[in-house]
Amino acid sequence: MLFFLNYFANIMVASSFTFKNIFVRIGLLLILCITNTTYGFDIKGKITNEKNEPLPYATIIVKGTTIGTIANFDGDYKLQLIAGKYILLYKYIGYKTFALSVDSLYEDKTINVKLEPEKYTLKEIVVSDGGEDPAMEIMRKAIANRKMYLDEVQSFACDAYIKGIQRMGDYPKKIMGRKVDFGGQLDSTTGIIYLSESVSQLNVRKPNDKKEIMISSKVSGRSRAFSFNRAAAMLINFYENNISIEGISQRGFVSPVAGNAMFYYKYKLLGSFIENEILVYKIEVQPKREHDPVFRGFIYVQDKSWRLQNIDLTLTKDAQIQFIDTLQIQQIMMPVNDTARQCMPVTSNFYFSYSFLGFNGNGNFQSSFSNYDIKPEFENNFFNGEVVKVIEGSNKKDDDYWNNTRPTPLTEIEQKDYAKRDSAEVIKNSKAYKDSLDKTDNKFNAIEFVYRGYSHRNRFYKRGYTINSLLEILDFNTVAGLNAGLSVNGYKNFEKRKKLSYEVQARYALSTKDLLGDVTLNYQFNRHRSAVVGLSFGHNYVQFNERNPISAFVNKWYSLLAERNYMKLYRKNYGEARMQYELYNGIFIDNALVVSQRSALVNNDKSKWIDRADIEFISNNPQNIRSDEPAFGKHNSIKNTFLLRLRLKQKYYSDPENFYVYGSKFPELKIKYVYNNVYDTKSAHLHFLSCMVSDNLSLRLLGKLQWQVEAGKFIDGRPKYFIDYHHFNGNKTLVSNFDLSDFQLLDYYTSSTNNQYLQAHIENNFGGFFFNKVPLLRKALLNEIIGIHYLYTPETGNSAEMSFGVEKIGLLRIAFCMRVFSPHNQAYGFRLGLLLNNRN
C-alpha cells in the first residue's frame with residue numbers, strides 16, 4: 001500500500017477539504033485505485049555516529065520535498081516510497097548532513113548510515129576589550145528579517161505524525177493514606193506511564209485560524225482513549241517575539257530572534273559550515289541575566305538569507321518554568337519543495353524532565369511534518385472554531401494499519417509496552433478484575449472517614465457515590481444551633497458520555513427541631529452541546545445571597561471561636577427545574593424556574609467556645625444586625641432566571657465522546673434576565689436585568705490579565721424583601737478562594753441594592769516578573785498578583801479595594817488587601833486560601 005497517497009486522500013475526505021476544481025476530487029479517487037496496483041517499497045536501516053552509537057530521532061528527508069520520517073530512539077528508521085530515483089538527506093543537529101542517491105528503488109532496501117560530527121570553521125578573530133562577538137552582527141541581520149519570515153507563509157496545510165512517551169521515576173507510594181497506583185497505567189519495569197501515537201492533518205490560516213483533524217490515534221493500554229498529542233503545540237514558530245508554552249509559564253519566553261532579543265541574550269559564534277552550498281552559522285545563545293524568561297542553547301542561521309535553519313534550545317528552572325525542570329526543543333527546517341524559498345519545520349522534538357511534589361520522571365514527544373501545501377484553498381466555513389477534531393473510529397485502527405502508517409519504527413521497549421498493556425486491557429475490562437479493584441478500594445477506613453468521607457465505586461456498571469466526612473456531618477450556626485446531617489453524591493455513566501448525577505442531603509437542627517433536606521438530579525444528555533436538565537426540591541436553610549459567600553465550615557469555626565456569625569439564613573421550601581444548552585458554537589442558554597415558600601429565621605443558639613468580652617453575636621437580620629425580630633414575613637415566590645452567554649468565534653476541541661472549550665479571542669458576554677413574582681397578601685412583579693463582559697488576556701512578559709465588568713438594574717418595580725436585593729460577594733474572614741468577582745474587604749450585605757449597580761474587577765498575574773529579580777525569592781517560583789475591585793450603588797456610592805498577593809503553582813495564594821475608598825468597610829487585611837472552584 002502506498003502510505004502517503006492513501007493517507008493524503010483519506011485526509012481530504014475526512015476533513016471536508018474542498019478544491020474549486022471538481023476534477024481534482026476525481027483524481028483522488030483514481031489515486032486510490034492506482035494504489036491497489038502500484039507498489040511501494042521500504043527503505044530502512046539504522047543511523048549511528050562515528051562511534052557506532054545510535055542517533056535518536058534523526059531526520060530523513062527526500063530532497064526537494066517535505067516527505068520524510070524520523071528515526072526512533074534506537075536510531076532505526078523506515079521510509080516508504082514508490083518506485084523511482086531519489087536523493088535522501090540524513091540530518092541530525094550537530095552532525096554533517098549526509099546525501100544518499102537511490103538510483104533504482106524497485107525493491108525494499110536496508111541502508112545503514114553513519115553520520116560524522118559537523119566540523120566548524122572559525123576564522124581567527126581578535127575581540128578586544130569591549131569589542132563584540134561576530135555573532136552579534138549575524139543576529140542583527142537575522143532579527144531584521146524576522147518579520148519577513150514570520151509573514152512569509154500566511155496559510156498552509158500539512159500532515160503530522162506524533163509519538164509521545166512519558167516515564168515516571170520516583171513517586172510517593174501514598175498520599176494522605178491513599179495508595180498511588182496511577183490507575184494501573186504505570187509499567188513498573190520500564191517506568192512508562194503514557195505511550196501514544198497520532199496521525200493528523202494540520203491546517204493554519206493566519207493570524208488566528210487553526211484546525212487539526214486527527215485521522216488516527218493510539219494510546220497504549222487504552223483502546224477507547226484518544227491521544228493527547230497536538231500538532232499545533234509542537235509547531236512552535238520562533239519568529240514570534242514571544243513564545244507561549246501553555247501550562248509552564250504565565251508569561252511566555254523571549255525568542256532569540258525577537259525584536260528586543262538583544263536586551264535579553266548574549267550571542268557567541270561557534271563556527272560555520274557549508275550545507276547544500278549554503279554557509280550556515282552555529283550560534284550559542286545564553287541569557288544576559290540568568291533568570292530572565294529566555295532559552296539557552298544553539299541556533300543555526302543561514303548566511304545572506306539570515307534565515308533560521310535549525311533550533312536546539314532549552315528552558316530550565318532559571319527561566320521560571322513551573323511543573324517541569326527542563327524542556328528541550330529541537331527543530332529542523334527545510335524548503336517546502338525543490339523550487340520554493342519558503343522553509344517550514346519538518347521535525348520538531350520536545351524532551352522534558354520534571355520533579356513535582358515527590359514525583360519525578362521524563363518524557364519526549366517526536367513529530368514529523370510532511371506534504372506541505374502553502375497555498376491551500378479552504379472552504380468558507382472550514383475554520384468554524386473547531387481547533388481539534390478527532391474523527392470517529394480514529395482509535396479503532398488495527399495493527400496492520402499502524403505498521404503501514406507510522407513513519408517511525410517502534411523501539412523494542414515500545415513494542416513490548418503496546419503488547420503488554422493491550423493484552424492487560426482485556427483483563428482489566430473484565431467484570432472480575434474491576435470487581436476485585438472495587439473490593440479493595442471500597443473498604444471502609446475510619447481514619448479517612450473523619451476528614452475525607454467514604455466513597456463507593458462500581459467500575460463495571462459505571463456508578464458510584466460519596467458520603468461526606470465526619471468533619472462535615474457535625475455543624476453549628478447560631479440559627480440551627482448544633483446540627484448533624486449526611487450528604488450523598490452519586491453518579492451513573494451511560495454510553496456516549498451521558499451521565500446522571502444526584503445529591504441527597506438530610507440534616508437535623510437541634511435548636512429548631514427541624515428536619516432539613518434536599519434532592520438534586522442532573523442529567524447530561526449531550527456533552528457536545530453542554531446539554532443538561534435538572535430538578536431539585538427540598539426544605540432547607542439557605543443564605544440570603546444565593547451565591548453562598550461564606551461556607552458553613554468557615555462560619556462554624558468563626559462562630560465558635562470568635563463570636564462572628566457572618567452567615568445569614570432563611571427557611572426555604574422549594575422546587576426547581578433547570579436546563580442549559582449550547583444552541584450554536586459560543587451561544588449558550590441557561591434557564592431555571594424556582595417555586596418557593598420563604599420565611600425568616602432568628603438566632604436560637606449563641607453557644608461559643610471562647611467568650612470575648614468585646615464582641616457579641618449579631619442577629620440573623622442582615623438589614624438590622626441589632627434586632628432579633630424576624631427579617632420578613634412568610635411569603636411565596638415564583639422566580640424565572642434566563643441567562644444568555646455569548647462567546648464569539650469560540651475555539652473548541654471535539655472527539656466522538658468529549659467536547660472542551662478553549663476560549664475565544666473576544667470577550668465573553670452574559671445577559672441575565674430575572675422575573676420574580678412575589679406574593680403574600682398581594683402579588684408584586686419584579687424584573688431584573690444585568691449584563692457582564694469578561695475576558696482573559698495575555699500580556700506576554702507581563703503575565704496574564706483577567707477582567708470583568710458587570711452592570712445591573714431593577715426595572716419596573718423594586719424588591720420588597722431583602723432576599724431579592726442584588727448582593728455582592730463580600731468577605732470578612734481570613735480565608736478566600738479568590739474568585740475574580742470577590743471583594744475581600746466588603747461586608748456581606750451592607751452594599752446590597754434594590755436599585756442599580758456597577759462593579760468592575762481586574763487582576764493581573766505577573767508570573768514572576770518582579771520576584772524573578774530578587775535573589776531570595778526567585779527560587780520559590782512565586783507569581784505576583786495585583787488586583788483592583790470597584791463597586792458603585794446609589795446607596796453606598798463609590799468604593800474600591802486593591803490587593804497585592806503571591807501565588808504558588810496556581811494552587812495557594814496569600815494577599816494583602818487595602819481599601820482605596822469605601823465608607824463601610826475595614827481599611828486593610830490579609831487573605832489566604834486554596835484556588836479551588838468551591839468557596840472556602
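**View 1. Strands 41, 42 and 43 pair up in this predicted model.** Strand 41 (residues 797-808) and strand 42 (residues 812-821) run antiparallel, with 9 bridges joining them. Here, Glu807 sits opposite Arg813 of strand 42. The hairpin leaves 3 residues between the two strands, and Ile809 has a positive phi near 45 degrees there. On to the next pairing: strand 42 also goes antiparallel with strand 43 (residues 828-834), this time over 7 bridges. Look for Leu812, whose bridge partner in strand 43 is Leu834.

**View 2. Helix 12 (552-562) has a hand in a nonpolar surface patch.** The patch is made of Ile447, Val450, Tyr451, Leu470, Leu471, Phe553, Trp557, Leu561, Trp609 and Ile610, and together they offer about 950 Å² of accessible area. Helix 10 (446-451), helix 11 (470-473) and helix 12 each chip in at least two residues. Leu561 belongs to helix 12, and it counts as partly exposed because its relative accessibility is 37%. Other residues of that helix are tucked away: Val554, Asn555, Lys556, Ser559, Leu560 and Ala562 are buried. What do the buried residues of helix 12 pack against? They pack against helix 11 and strand 26 (474-477). Right after helix 12 comes Glu563, with a positive phi near 55 degrees.

**View 3. Tyr267 sits in the largest nonpolar core.** That core holds 72 residues, and Phe156, Tyr267 and Ile283 have the most contacts inside it. Helix 3 (residues 135-144) supplies the largest share, 6 residues. Skipping residues up to four places away in sequence, the ones Tyr267 touches include Ala135, Met136, Met139, Ile143 and Ile283, along with Asp133 and Glu284. A second, separate core has 23 residues, among them Phe632, Leu686, Phe722 and Tyr748. As a general backdrop, nonpolar side chains in soluble globular proteins tend to be buried together.

**View 4. Ser367 is found in strand 22 (residues 359-373).** Is Ser367 buried or exposed? With a relative accessible area of 0%, Ser367 is buried. Leaving out neighbours within four places in sequence, its contacts are Ile70, Tyr161, Ile162, Met234, Val346, Thr347, Ser348 and Asn349. For a sense of scale, Ser367 and Arg205 are 162 residues apart in sequence and 20 Å apart in space, C-alpha to C-alpha.

**View 5. Lys704 and Glu246 meet in a salt bridge, at 3.0 Å from N to O.** This pair links distant parts of the chain, 458 residues apart: Lys704 is in strand 38 (residues 704-715), while Glu246 is in the loop between strand 14 (242-243) and strand 15 (253-254). Lys704 is partly exposed at 27% relative accessibility, and Glu246 is exposed at 62%.

**View 6. Asp724 and Arg598 form a salt bridge, their closest N and O atoms 2.9 Å apart.** Asp724 lies in the loop between strand 38 and strand 39 (756-765) and Arg598 in strand 32 (residues 587-600), so the bridge ties together parts 126 residues apart in sequence. Asp724 is buried at 10% relative accessibility, and Arg598 is buried at 4%.

**View 7. Asp611 and Lys608 make a salt bridge at 3.5 Å, N to O.** Asp611 is exposed, at 57% relative accessibility, while Lys608 is partly exposed, at 28%. Elsewhere, Arg224, Lys462, Glu495 and Glu657 are linked in a salt-bridge network. How many salt bridges does a search of the whole structure find? The tally is 39.

Note on methods
Residues numbered from 1 in each chain as written. Predicted model: local features only at pLDDT ≥ 70, side-chain atom pairs only at ≥ 80, totals over all residues. Heavy atoms only, no water. Core = buried A, V, L, I, M, F, W, Y, C linked by side-chain atoms within 4.5 Å. Buried < 20%, exposed > 50% of the residue type's maximum accessible area, 1.4 Å probe, protein only. Helix = DSSP H or I, 4+ residues; strand = E, 2+ residues; numbered from the N terminus. Contact = heavy atoms within 4.5 Å. Patch = residues over 30% accessible without salt bridge, like charges linked within 9 Å, V, L, I, M, F, W, Y side chains within 5 Å. Areas by Shrake-Rupley, 256 points an atom, 1.4 Å probe, with all protein chains shown as cover. Salt bridge = Lys/Arg side-chain N within 4 Å of Asp/Glu carboxyl O. Pairing = 2+ DSSP bridges.
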